[in-house]
Amino acid sequence: MEQILKVDNLVKKYNDSYAVKNVSFKVNKGEVLAIIGSSGSGKSTILRCINQPEKIDSGNITINEDSMVKEIKKEKVIYNSKDILNKMNLECGMVFQSFNLFPHLSVLQNVTEAMTQVLKMDFKEANKKALKILTDIGLKNKVEQYPCSLSGGEQQRASIARTLAIEPQIIFMDEPTSALDPELVGEVLKVVKELASQKRTMVIVTHEIQFAKEIADRIIFMSKGEIVEEGTPEEVLDNPKKKRTKEFLKRYSS
Ligand code: ADP
């Protein structure tokens, strides 16, 4: 199996308290990993460390052959060159809980923006590709609209379309449905399910346990910055071994 992402003994602290403590996991090509756990357990911090808005305190993150950390000197992490970090960042697509669309750009422009600005793609080609992706995601008749005139579900689908446009090797989603009204959750989960069936490599932080069970190949349960349990959905969700996992699942199924 071709490995895309490797997180190695990741440590991230805020003011001397651990947000993420010695977390290690791998993601292979075509695999869907779901990360679950109560609020404050470090799930988003892991995604932010991989996607680089946050600096890590120790450990390493590897995407394909590229390593975020060049060396550790006197217990301090020395990051690799900007070129390598930028390349790694381009391999990662991020879908946020709060959509993060540009409010002053139309849906179509939101999707073409990264293609023309970052990938330096020809404008016409980018437009064509964006239209195809938006059509596939069910937003063909919304392309000229601005984010504020869309429902939350439509905004999140537009944001997924924007992520797909840059063809990342791995897509990260941070609770993609938790900002949505309950009746809009389904349309976004359907899109994510479709991506999983296309064998896209994804890491999804979610509170939707049933959904995680349906689409994930593997589940990681986190508590207090650490991985408590990891395995297939059957192992972690149906037959949890650890007390903390059992308690968490009891809360979420009641
Ligand atoms: P989760 O995504 O599981 O809800 P987070 O990764 O957001 O958890 O947070 C993990 C811990 O790190 C929490 O205790 C949180 O308060 C803390 N934390 C997260 N971001 C910051 C920050 N920017 N500054 C200080 N503490 C933070």
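Where does Glu-175 lie? Select Glu-175 to begin: this residue sits in the loop between strand E9 (170-174) and helix H6 (182-197). Helices (H or I, at least four residues) and strands (E, at least two) are DSSP runs, numbered from the N terminus.

Before moving on, a note on the model. This is a predicted model, in which local features need pLDDT of at least 70 and side-chain atom pairs count only at pLDDT 80 or more, while totals for chains, interfaces and linings use all residues. Residues are numbered from 1 along each chain as its sequence is written, and side-chain values use heavy atoms, with hydrogens and water left out.

**Stop 1: around Glu-175**

Stay on Glu-175 and show its surroundings. Glu-175 counts as buried because its relative accessibility is 11% (buried means under 20% relative accessible area, exposed over 50%, partly exposed in between, with a 1.4 Å probe and protein chains only). Which side chain of opposite charge is nearest to Glu-175? It is Lys-43, 4.3 Å away, and Glu-175 has no salt bridge. For charges, Lys and Arg count as positive and Asp and Glu as negative, with His and the chain ends not counted; a salt bridge is a side-chain nitrogen of Lys or Arg within 4 Å of a carboxyl oxygen of Asp or Glu.

Now add Ser-178, whose side chain makes a polar contact with the side chain of Glu-175 at 3.2 Å. A polar contact is a pair of N or O atoms within 3.5 Å; within protein, one must be able to donate a hydrogen and the other to accept it, and residues adjacent in sequence count only if both atoms are side-chain atoms. Beyond neighbours within four places in sequence, Glu-175 is in contact (heavy atoms within 4.5 Å) with Lys-43, Gln-97, Val-205, Thr-206 and His-207.

**Stop 2: helix H1**

Follow Lys-43 into helix H1, residues 43-50, where six of the eight residues are buried. Select them: Lys-43, Thr-45, Ile-46, Leu-47, Cys-49 and Ile-50. Just after H1, look for Gln-52, which has a positive phi of about 75°.

**Stop 3: the nonpolar core**

Next, display the largest nonpolar core, which has 37 residues. A nonpolar core is a set of buried Ala, Val, Leu, Ile, Met, Phe, Trp, Tyr and Cys residues joined through side-chain atoms within 4.5 Å. Good residues to pick are Leu-134, Ile-137, Ile-160, Met-173, Val-192 and Met-202, which touch the most other members. At least two residues each come from helix H3 (107-117), helix H4 (123-136), helix H5 (152-165), E9, H6, strand E10 (202-205) and helix H7 (209-215). The most come from H6, which gives eight.

**Stop 4: the strands**

Turn to the open sheet of four strands, ordered E2-E1-E4-E5 with antiparallel pairing; two strands pair if DSSP finds at least two bridges between them. Its edges are strand E2 (17-28) and strand E5 (66-67), each pairing on one side only. Strand E1 (residues 3-14) is joined to E2 by eight bridges, and Gln-3 has Asn-28 in E2 as its bridge partner.

Step on to Lys-29, in the loop between E2 and strand E3 (32-37). Leaving aside neighbours within four places in sequence, Lys-29 is in contact with Glu-2, Ile-4 and Thr-201. Lys-29 counts as partly exposed, at 48% relative accessibility.

Then find the hairpin of E6 and E7, with two residues between them; Lys-74 in the turn has a positive phi of about 45°. Strand E6 (residues 69-73) and strand E7 (residues 76-79) pair antiparallel over four bridges, with Glu-71 opposite Ile-78 in E7.

**Stop 5: salt bridges**

How many salt bridges does a search of the whole structure find? There are 13. Three to select:

- Lys-6 and Asp-8, 3.4 Å from N to O.
- Glu-167 and Lys-129, with the closest N and O atoms 2.8 Å apart. This pair links the loop between H5 and E9 with helix H4, 38 residues apart.
- Lys-213 and Asp-238, 2.8 Å from N to O. Lys-213 lies in helix H7 and Asp-238 in helix H8 (residues 233-238), so the pair ties together parts 25 residues apart in sequence.

Finish with Lys-12, Arg-48 and Glu-54, joined into one network by salt bridges that share partners.
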